[in-house]
Amino acid sequence: MDMIHIESVKYDGTKIILLDQTKLPLEEVYLEIETVKDLWDAIFELKVRGAPAIGIAAAYGVALGASQLTETDYASFFVKYEEISNYLASSRPTAVNLFWALGRMKKTLVDNKNISIPEIKQILHNEADAIKKDDAEICASIGEYGLTLLQDGMTLLTHCNAGGIATAKYGTALAPIYLAKERGMDIKVFADETRPLLQGARLTTWELMKAGVDVTLITDSMAAMVMQQGKVDAVIVGCDRIAANGDTANKIGTYGLAVLAQKHNIPFYVASPLSTIDMETSTGAEIPIEERSATEITHSFGKQTAPDGVKVFNPAFDVTPNDLITAIITEKGIIQAPYSENLKTLFV
């Protein structure tokens with residue numbers, strides 16, 4: 001049985017159709033994106049989120065923008081295309097899949113400079129489709145490798161949302177959980193609420209419940225206690241960027257979970273496609289960390305919860321040092337320390 005049937009990103013050649021993740025879990029609303037600016041806004045406002053899904057959306061975004069260009073010669077077309085690509089690249093700085101997908105699309109453009117502009121536009125559309133198809137296959141492979149780390153009856157803890165709606169299908173951290181469900185294994189999940197935007201509460205619980213997975217919602221601050229009580233067998237999270245030494249950026253709060261997992265002798269796994277591994281970034285200290293609006297903390301979905309004028313620090317991500325990571329699960333296999341050496345083997 002196919003547990004994940006919702007497509008969070010689609011493209012019909014004239015518009016991008018996005019599942020508005022800000023409306024979940026109460027409403028299943030799809031947006032029709034017809035301009036590059038509207039896509040930029042959707043990425044920035046987290047209407048589409050999850051590193052792979054952002055990459056897929058960006059690929060479709062440049063394909064959409066290119067389809068609307070009126071330039072008829074390659075040189076002029078390329079200049080305008082670059083403007084579109086650079087604009088979309090500015091929407092979110094941390095998730096490397098955004099830049100990876102835009103880079104793959106640009107390579108397609110450069111590799112096909114000797115054909116007509118209408119043909120280039122179609123090839124760009126085809127390449128974006130290929131990025132989406134590849135991601136679904138990658139997530140399934142991550143799930144297969146991740147499944148080898150699980151045993152029937154285990155309880156996992158996850159943070160934020162690294163599921164089907166954050167990717168083309170299955171997700172990264174949730175992929176082995178879905179495969180386990182499909183194969184009749186009993187895997188239970190604790191889902192961190194994931195403050196301040198509640199991706200765990202709104203998104204992870206929603207999609208796991210739709211798939212019939214036994215999921216229990218907890219606040220972020222409860223993770224320590226459930227670990228202390230022996231209720232967690234492993235932690236599995238997704239990621240937005242992995243540096244060459246294995247340091248991993250993921251949703252704020254992930255680092256704290258890794259520290260807690262080490263304290264309680266619980267394996268801490270990171271699920272990642274190769275496109276999220278940034279071998280050009282040496283360590284986590286070099287990963288740019290997005291800081292978001294203070295209102296995400298001072299207001300809870302429209303209701304003010306803090307005094308006027310209070311100072312706010314709101315980083316969207318933190319970096320987990322590699323020595324806290326038990327293993328990184330990729331579509332090419334499971335990688336363990338020393339990460340600086342072993343991650344290189346994935347790209348040979």
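## Cores, a four-stranded sheet and salt bridges in a predicted model

The largest nonpolar core comprises 39 residues, and those with the most contacts inside it are Val9, Ile16, Leu18, Leu39, Leu88, Met105 and Leu124. The model described here is a predicted one. Two or more residues of this core come from each of strand E1 (9-11), strand E2 (16-19), strand E3 (30-33), helix H1 (36-44), helix H2 (51-67), helix H3 (74-89), helix H4 (96-111) and helix H5 (117-147). Helix H2 gives the most, with 11 residues. In soluble globular proteins, nonpolar side chains tend to be buried together.

Leu39 illustrates the contacts in this region. Leaving aside neighbours within four places in sequence, Leu39 is in contact with Ile16, Leu18, Ile33, Ala57, Ala58, Gly61 and Leu88. A second core, separate from the one above, has 28 residues, including Ala162, Tyr170, Val213 and Ala327.

### The sheet

Four strands form an open sheet in the order E11-E8-E9-E14, and the pairing is mixed. Strands E11 (277-278) and E14 (317-320) stand at the edges with a single partner strand each, so one side of each is left without a neighbour in the sheet. Helix H9 (residues 254-263) packs on the sheet, where it touches strand E9 (248-251) and E14. The direction of H9 makes about 35° with that of E14.

The strand pairs can be followed across the sheet from E11. Strand E8 (residues 241-243) pairs with E11 in the parallel sense, over 2 bridges, and Ile242 stands opposite Ile277 in E11. E8 is also joined to E9 by 2 bridges, and this pair runs antiparallel. Here the bridge partner of Ile242 is Thr248 in E9. Ile242 therefore has a partner in E11 and another in E9. E8 and E9 form a hairpin with 4 residues between them, and Gly246 in the turn has a positive phi of about 95°. E9 and E14 pair in the antiparallel sense over 4 bridges, with Asp318 in E14 as the bridge partner of Asn250.

### Salt bridges

Side chains of opposite charge can pair when their charged atoms come close. The structure holds 17 salt bridges, among them the pairs tabulated below.

| Salt bridge | N to O distance |
|---|---|
| Arg92 and Glu290 | 2.9 Å |
| Lys188 and Asp186 | 3.0 Å |
| Glu296 and Arg292 | 2.7 Å |

What parts of the chain does the pair of Arg92 and Glu290 tie together? Arg92 lies in the loop between H3 and H4, and Glu290 in the loop between E11 and helix H10 (295-298), so the salt bridge ties together parts that are 198 residues apart in sequence. Both Arg92 and Glu290 are buried.

Are Glu296 and Arg292 buried or exposed? Glu296 has a relative accessible area of 14% and is buried; Arg292, at 14% relative accessibility, also counts as buried, because buried means under 20% relative accessible area. Arg92, Glu290, Arg292 and Glu296 are linked in a network of salt bridges.

The salt bridge of Lys188 and Asp186 has partly exposed members. Lys188 counts as partly exposed at 30% relative accessibility, and Asp186 is partly exposed with a relative accessible area of 37%.

Technical notes:
Residues numbered from 1 in each chain as written. Predicted model: local features only at pLDDT ≥ 70, side-chain atom pairs only at ≥ 80, totals over all residues. Heavy atoms only, no water. Pairing = 2+ DSSP bridges. Contact = heavy atoms within 4.5 Å. Axes fitted to C-alpha atoms, helices over the stretch in contact; angles between N-to-C directions. Core = buried A, V, L, I, M, F, W, Y, C linked by side-chain atoms within 4.5 Å. Buried < 20%, exposed > 50% of the residue type's maximum accessible area, 1.4 Å probe, protein only. Salt bridge = Lys/Arg side-chain N within 4 Å of Asp/Glu carboxyl O.
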